[in-house]
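Please walk through this protein with me, beginning with its cysteines and going on to its rings, its confidence values and its charged side chains.

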Amino acid sequence: MVVGAFPIAKLLYLGVRQLSKPVANRIKATARTSEFFKNYVCLPPAQLYHWIEMRTKMKIMGLRGSTIKPLNEDAAAELGAELLGETIIFLIGGGCMILEYARQSVNSRRKEEELNETIISLQTEIAELKLTTETHDAQLREFNRVLLSFPVPQKK
């Protein structure tokens with residue numbers, strides 16, 4: 001886990017993960033009791049999952065052409081509720097991962113911008129120092145030229 005820098009973020013992440021299981025269990029309980037939820041949310045994915053699972057098993061065993069009987073309503077409702085609960089837990093975990101990735105990318109982008117600002121500042125300072133050095137070099141050459149223009153006293 002990459003949340004090490006901020007203990008509060010780590011605590012929040014852990015809290016969200018711990019809350020996802022009771023939320024999923026509550027939704028599963030509602031799915032088992034509500035007829036609408038059972039008929040339109042739980043049963044279709046459960047029947048589809050059962051059909052795909054049985055079809056795959058039959059292909060692996062080499063059986064072809066057999067018809068697959070649908071699950072009874074209670075078993076399908078139970079399977080659908082379990083699938084729904086697992087999907088919710090998976091989505092919450094995936095959401096936490098996406099948020100953590102976004103947070104880390106913002107932090108790395110901020111650090112990169114700070115580094116770029118530092119580099120630009122250093123380049124500006126180097127350019128100023130180069131200009132100062134060139135100015136001093138020109139002044140030194142001018143002093144040398146003036147110094148050489150004075151007549152040298154002769155010894156008598």
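In this predicted model, a search of the whole structure for disulfides returns 0. Two cysteines can still be placed by their accessibility: Cys 42 has a relative accessibility of 0% and therefore counts as buried, and Cys 96, at 9%, counts as buried because the cut-off for that class is under 20%.

Turning to the aromatic side chains, the search of the whole structure gives 1 aromatic pair. The partners are Phe 36 and Tyr 40, whose ring centres lie 5.1 Å apart and whose planes meet at 45°, so the pair is classed as tilted. Both residues belong to helix H2, which covers residues 35–61, and because they are 4 residues apart there, about one helical turn separates them. Phe 36 is exposed, and Tyr 40 is exposed as well.

How far the coordinates can be trusted is a matter for the confidence values. The mean pLDDT of the protein is 85, with 94% of its residues reaching 70 or more. Among the elements, helix H3 (residues 73–149) has the highest mean pLDDT, 91, whereas helix H1 (residues 7–33) has the lowest, 74. Where pLDDT is low, the predicted coordinates should not be read in detail.

The charged side chains come next. Side chains of opposite charge can pair when their charged atoms come close. In this structure the count of salt bridges comes to 6, and one of them joins Lys 38 to Glu 35, with an N to O distance of 3.5 Å. These two residues are 3 residues apart in helix H2, so about one helical turn lies between them. The partners nevertheless fall into separate accessibility classes, since Lys 38, at 10% relative accessibility, counts as buried, while Glu 35, with a relative accessible area of 44%, is partly exposed.

Helix H3 also contributes to the set. There the side chains of Glu 114 and Arg 110 meet in a salt bridge at 3.3 Å, N to O, the two residues being 4 residues apart in the helix, about one turn. Glu 114 is partly exposed at a relative accessible area of 41%, and Arg 110 is likewise partly exposed, at 39%. Another salt bridge links Glu 142 with Arg 145, where the closest N and O atoms are 2.4 Å apart. Here the spacing is 3 residues in helix H3, so this pair too is separated by about one helical turn, and Glu 142 counts as partly exposed at 36% relative accessibility.

Key: Residues numbered from 1 in each chain as written. Predicted model: local features only at pLDDT ≥ 70, side-chain atom pairs only at ≥ 80, totals over all residues. Heavy atoms only, no water. Disulfide = S-S within 2.5 Å. Buried < 20%, exposed > 50% of the residue type's maximum accessible area, 1.4 Å probe, protein only. Phe/Tyr/Trp six-rings, centres within 6.5 Å; stacked < 30°, edge-to-face > 60°. pLDDT = per-residue confidence, 0-100. Salt bridge = Lys/Arg side-chain N within 4 Å of Asp/Glu carboxyl O.
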